[in-house]
Amino acid sequence: MSFVRDGNVLDGSAVSDHVRGQLRDSVDALADAGATPSLATVLMSTDPASETYVSMKQRACDDLGIESVHRELDADAPAAELFETVEELNADPDVNGILVQMPVPDHVDKRRVLRSIDPAKDVDGFHPENVGRLVAGDARFKPCTPHGVQLLLDAAGVDPAGKHAVVVGRSDIVGKPMTNLLIQKDAGGNATVTVCHSRTDDVGAHTRQADIVIAAAGVPELVDGEMLSAGTTVVDVGVNRVDADNEKGYELVGDVDFESAKEVAGLVTPVPGGVGPMTITMLLYNTVKATSQQVDVPVDLPDTGSLGQEA
Ligand code: NAP
């Protein structure tokens, strides 16, 4: 099955549909064993984008047969209310996964929120215990966006082993876990990794030496064709709103200048329709995995190596 269209565009929506099809079988198997997976989402924000993300996640759960529970708190509610909500969900045996939508308001300690979620239900994979396990090569839940990138590479037949990967960005949710996944002595890893960030002198000097570039800087069209060598695999994680002369007044662009990158790259992911759909898919994956672990019913899960094909 090919996930590549227009010569070198790696279609994240197609990979995502394929993986969700496999996950549906796992959800059915769990339901047959009397354990329908359930994801709790917690929203404490006035940011319309956060509301949209949460409703997209709930819709994706519904489509796959995963139950979703939603808790919404006023953005100016005391922080204690959020911690009580998380405690209640931690204790609820009918809830398998918990996601607190970030960002939380300034008066709430974000790190304490991450620590408050039961690590066995932490489907974002941001609890320090789960971060530690990932670094130690014993991941319980791989964070959704970098895990999605790993499966995208696999679907395109790009094995990072022995290749030079350049990750642009070092955030806790994308750049650092991406780097950790790529250096693991494991399938989908074994790469030689360079990490660039805002203090890197001449990002292009690094990306031009890369076999794989993963752009996660949050800077519109930061990486263009002149910063790439011929044949490089380019994965664009960025989602940036820029002003546009259309009805909405804006459009979404990535961290890669798609048109010039497409001329040079061996493969390039689009925005939208690249990494974005995979992020939600891997949240569903982690919810299924959490359920399987909690009820002790093993299920097959698609993972690196299972999608692979010769590029
Ligand atoms: P973030 O927390 O703002 O981190 C951005 C990282 O990029 C930081 O490490 C920063 O360096 C680095 N950076 C900023 N400007 C740079 C430059 N000019 N050159 C090199 N590095 C630079 O962002 P994030 O949460 O990782 O997200 C990154 C992008 O991915 C955003 O556009 C976000 O919307 C998108 N995203 C998409 C998905 C998805 O599902 N598609 C999921 C998550 C995030 P410092 O550390 O030095 O500040």
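Colleague: Let's start with Arg 111: is this residue buried or exposed?
Modeller: Keep in mind that we're looking at a predicted model. The cut-off for calling a residue exposed is over 50% relative accessible area. Arg 111 has a relative accessible area of 55%, so this residue is exposed.

Colleague: And which residue does Arg 111 form a salt bridge with?
Modeller: The closest N and O atoms of that pair are 3.9 Å apart, and a salt bridge needs them within 4 Å, so the pair counts. The link joins distant parts of the chain, 61 residues apart, with Arg 111 sitting in helix H4 (residues 110-116). The other end is in the loop between strand E6 (164-168) and helix H7 (175-183). The partner is Asp 172.

Colleague: What about Asp 172, how does its accessibility class come out?
Modeller: Its relative accessibility is 40%. The class between buried and exposed runs from 20% to 50%, so Asp 172 counts as partly exposed.

Colleague: How many salt bridges does the structure hold?
Modeller: Apart from Arg 111 with Asp 172, there is one between the side chains of Asp 138 and Arg 133, at 3.5 Å from N to O. Arg 5, Asp 6 and Asp 11 are linked in a network of salt bridges too. The total for the structure is seven.

Colleague: Which residue forms a salt bridge with Arg 140?
Modeller: The closest N and O atoms are 3.1 Å apart there. Arg 140 lies in the loop between helix H5 (128-135) and helix H6 (144-155), and its partner is in helix H5, so the bridge ties together parts eleven residues apart in sequence. Arg 140 counts as buried at 14% relative accessibility, while the partner is partly exposed at 37%. That partner is Glu 129.

Colleague: On to the ligand: which helix gives the largest share of the shell around it?
Modeller: The shell has 22 residues, and Arg 170, Ser 171, Ser 198, Val 239 and Thr 279 are the closest. By type, they divide into eleven nonpolar, ten polar and one charged. The largest share is three residues, and it comes from helix H10 (residues 275-295).

Colleague: How far is an oxygen atom of the ligand from a polar side-chain atom of Thr 279?
Modeller: Polar contacts are pairs of N or O atoms within 3.5 Å. The side chain of Arg 170 has an N or O atom 2.7 Å from an oxygen atom of the ligand, and a nitrogen atom of the ligand is 3.4 Å from a polar backbone atom of Val 237. For Thr 279 and an oxygen atom of the ligand, the value is 2.7 Å.

Colleague: And what percentage of the ligand's accessible area does the protein cover?
Modeller: On its own, the ligand has 930 Å² of accessible area. The part of that covered by the protein is 70%.

Colleague: Last one: which side chain does a polar contact of 2.8 Å join to that of Asn 240?
Modeller: Asn 240 lies in strand E10 (residues 240-243) and is buried, with a relative accessible area of 9%. Leaving aside neighbours within four places in sequence, its contacts include Gly 218, Val 219, Pro 220 and Leu 252. The side chain at the other end of the 2.8 Å polar contact is that of Asp 255.

Key
Residues numbered from 1 in each chain as written. Predicted model: local features only at pLDDT ≥ 70, side-chain atom pairs only at ≥ 80, totals over all residues. Heavy atoms only, no water. Near = heavy atom within 4 Å. Polar contact = N/O pair within 3.5 Å; in protein donor to acceptor, adjacent residues only side chain to side chain. Areas by Shrake-Rupley, 256 points an atom, 1.4 Å probe, with all protein chains shown as cover. Helix = DSSP H or I, 4+ residues; strand = E, 2+ residues; numbered from the N terminus. Nonpolar A, V, L, I, M, F, W, Y, C, P; charged D, E, K, R; others polar. Buried < 20%, exposed > 50% of the residue type's maximum accessible area, 1.4 Å probe, protein only. Contact = heavy atoms within 4.5 Å.
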